[in-house]
Amino acid sequence: MRYDQRQLTADDFLFRRQGAQLPMTPTTFTYRFKLILKKNCLPQELNVHSLRHTAASLMIAGGTDVATVAGILGHSQPSTTLDIYTHAFDKNKKAASAGLQGMLEI
């Protein structure tokens with residue numbers, strides 16, 4: 001319930017300007033994100049959108065249904081999510097194939 005020596009409220013901003021009840025500017029957020037990458041020896045070509053893409057891919061690979069992922073991402077149609085994240089289903093395809101092979105004793 002506390003962060004950065006301040007009490008959090010229900011209408012608080014997730015990323016807030018230091019010492020103010022205003023949202024952090026996008027340029028400040030990007031600057032801080034790049035600092036985190038650099039301090040942790042991560043690839044500098046990553047961007048904030050990479051986090052969204054990674055989260056969606058991991059949810060799908062972990063078995064979350066596409067409609068749920070689409071809703072979280074704000075896609076109006078699950079087909080949009082399918083078009084963008086088809087690579088995340090490779091693990092599911094392999095598992096389905098292995099299960100079928102096991103049932104057929106191949």
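How many aromatic pairs does the count come to? In this predicted model, the count comes to 1 aromatic pair. The partners are Phe-15 and Phe-29, whose ring centres lie 4.5 Å apart with the planes at 70°; because edge-to-face pairs are those with planes over 60 degrees apart, this pair is edge-to-face. Phe-15 sits in the loop between strand 2 (6-7) and helix 1, whereas Phe-29 belongs to helix 1, so the contact ties together parts that are 14 residues apart in sequence. Both rings belong to partly exposed residues: the relative accessible area is 42% for Phe-15 and 21% for Phe-29.

Moving along the chain, the loop between helix 1 (26-39) and helix 2 (48-61) holds Cys-41. This residue is worth a look on the structure above: Cys-41 has a positive phi of about 55°, although it is not a glycine. Cys-41 is also exposed, with a relative accessible area of 73%.

Helix 2 comes next. At its N-terminal end, Asn-47 acts as a cap, with a side-chain oxygen 3.0 Å from the backbone nitrogen of His-49. The helix has 14 residues, which at 1.5 Å a residue should span 20 Å; the C-alpha atoms at its ends are 21 Å apart, in agreement with that value. Within helix 2, the buried residues are Ala-56, Ser-57 and Ile-60. Viewed down the axis of helix 2, its buried residues fall within an arc of 100°, so they line one face of the helix. An α-helix has 3.6 residues a turn, so residues three or four places apart point the same way. Just after helix 2, Gly-63 adopts a positive phi of about 105°.

Definitions and conventions. Residues numbered from 1 in each chain as written. Predicted model: local features only at pLDDT ≥ 70, side-chain atom pairs only at ≥ 80, totals over all residues. Heavy atoms only, no water. Helix = DSSP H or I, 4+ residues; strand = E, 2+ residues; numbered from the N terminus. Buried < 20%, exposed > 50% of the residue type's maximum accessible area, 1.4 Å probe, protein only. Expected span 1.5 Å × (residues − 1). Arc of directions from axis to C-beta. Polar contact = N/O pair within 3.5 Å; in protein donor to acceptor, adjacent residues only side chain to side chain. Phe/Tyr/Trp six-rings, centres within 6.5 Å; stacked < 30°, edge-to-face > 60°.
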